[in-house]
Structure formats: C-alpha cells, structure tokens
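Open the structure in your viewer and keep the selection tool ready. The stops below say what to select and what is there.

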Amino acid sequence: MRLRSARKGHSGLLAFALALFLCACGTAEAPAPPQTLRFAMDVWPGFFPAAIAEREGFMADEGVRLDIRTENDFASLIANFAGGRHDLIAVSLGDAITLSRSRPDVIVLMVSDESTGG
C-alpha cells in the first residue's frame, strides 16, 4: 500500500511539473522588427564609420537599422532634413548650430574632433 501511495504522489508531482512546463511553452511575442532610421551624409571619410557600423550590425542588438543615403549637395541635405525626409544627418558642429536656429528641436548625438586644420 505504501508503494502505491508513493507512486501516486510522484505522478501528481509529475503532472504538476508537466502543466507548469506547458504553461511556460506558450507562444512568445515575436521580436519587434528593427526600427529603420533614414541617415543622410555627404561623402566625407569621417562619416563612414556609420556605414561600417550598419554593415557590421553593431546596432542590430538595439533594434536599429540605418537606411544610409549620401548626398553631394549640402544645401539639399539640410533642406531634406528640415523637410523630414531624413531622420539623422551627419554635418559639422557649426552646421548643426546654424540648423538649430530654424529647428530648435535638433539634437546633437555625437561630436568628433578629428580634423587637421578645421
């Protein structure tokens, strides 16, 4: 009789563990798709680390993807940003300060001082 009740106790524990396991196996939410930011820059080697970071997937863990666009005309780069066609732009700090006069919501994310004579 004792052997029988011991088995019963184990089977109840096993059923509880199985139910708990099945509850834990519910459908998990799919990871959010990466947020794509439209990033524009002119062709200057100092801005290329952004392209390298995107290519190497450095921002993927944070769920960010860059749609990199290059523009050779600085005036259109600024105009496109001001018009909302770019989310981020790479410009000199002086240009960002000038831009902030017409767009006070501009935020400077990074300043790099690698210039010889600038």
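The tour goes through charged pairs, then a helix residue and its contacts, then the end of another helix.

This is a predicted model, in which local features need pLDDT of at least 70 and side-chain atom pairs count only at pLDDT 80 or more, while totals for chains, interfaces and linings use all residues. Residues are numbered from 1 along each chain as its sequence is written, and side-chain values use heavy atoms, with hydrogens and water left out.

**Charged pairs**

Side chains of opposite charge can pair when their charged atoms come close. Here the term salt bridge means a side-chain nitrogen of Lys or Arg within 4 Å of a carboxyl oxygen of Asp or Glu. How many salt bridges does the structure hold? There are four, and three stops follow.

Select Arg38 and Asp87. They form a salt bridge, with 2.9 Å between the closest N and O atoms. Arg38 lies in strand β1 (residues 35–41) and Asp87 in the loop between α3 (74–82) and β3 (88–90), so the salt bridge ties together parts that are 49 residues apart in sequence. Helices (H or I, at least four residues) and strands (E, at least two) are DSSP runs, numbered from the N terminus. For accessibility, buried means under 20% relative accessible area, exposed over 50%, and partly exposed in between (1.4 Å probe, protein chains only). Arg38 is partly exposed at 26%, and Asp87 is partly exposed at 32%.

Next, select Arg55 and Glu56. Their side chains meet in a salt bridge at 3.2 Å, N to O. Arg55 is exposed, at 65% relative accessible area, whereas Glu56 is partly exposed at 46%.

Then select Arg103 and Asp105. The closest N and O atoms of this salt bridge are 3.0 Å apart. Asp105 has a relative accessible area of 48% and is partly exposed.

**Asn80 in helix α3**

Select Asn80, which is found in helix α3. Is Asn80 buried or exposed? Asn80 counts as buried, at 17% relative accessibility. Leaving aside residues up to four places away in sequence, Asn80 touches Glu71, Arg85 and His86 (contact means heavy atoms within 4.5 Å). With the side chain of Glu71, the side chain of Asn80 makes a polar contact at 3.0 Å (a pair of N or O atoms within 3.5 Å; within protein, one must be able to donate a hydrogen and the other to accept it, and residues adjacent in sequence count only if both atoms are side-chain atoms).

**Ser102 in helix α4**

Finally, select Ser102, in helix α4 (residues 93–102). Ser102 counts as exposed, at 57% relative accessibility. Add Ala82 to the selection: Ser102 and Ala82 are 20 residues apart in sequence, and their C-alpha atoms are 8.6 Å apart in space.
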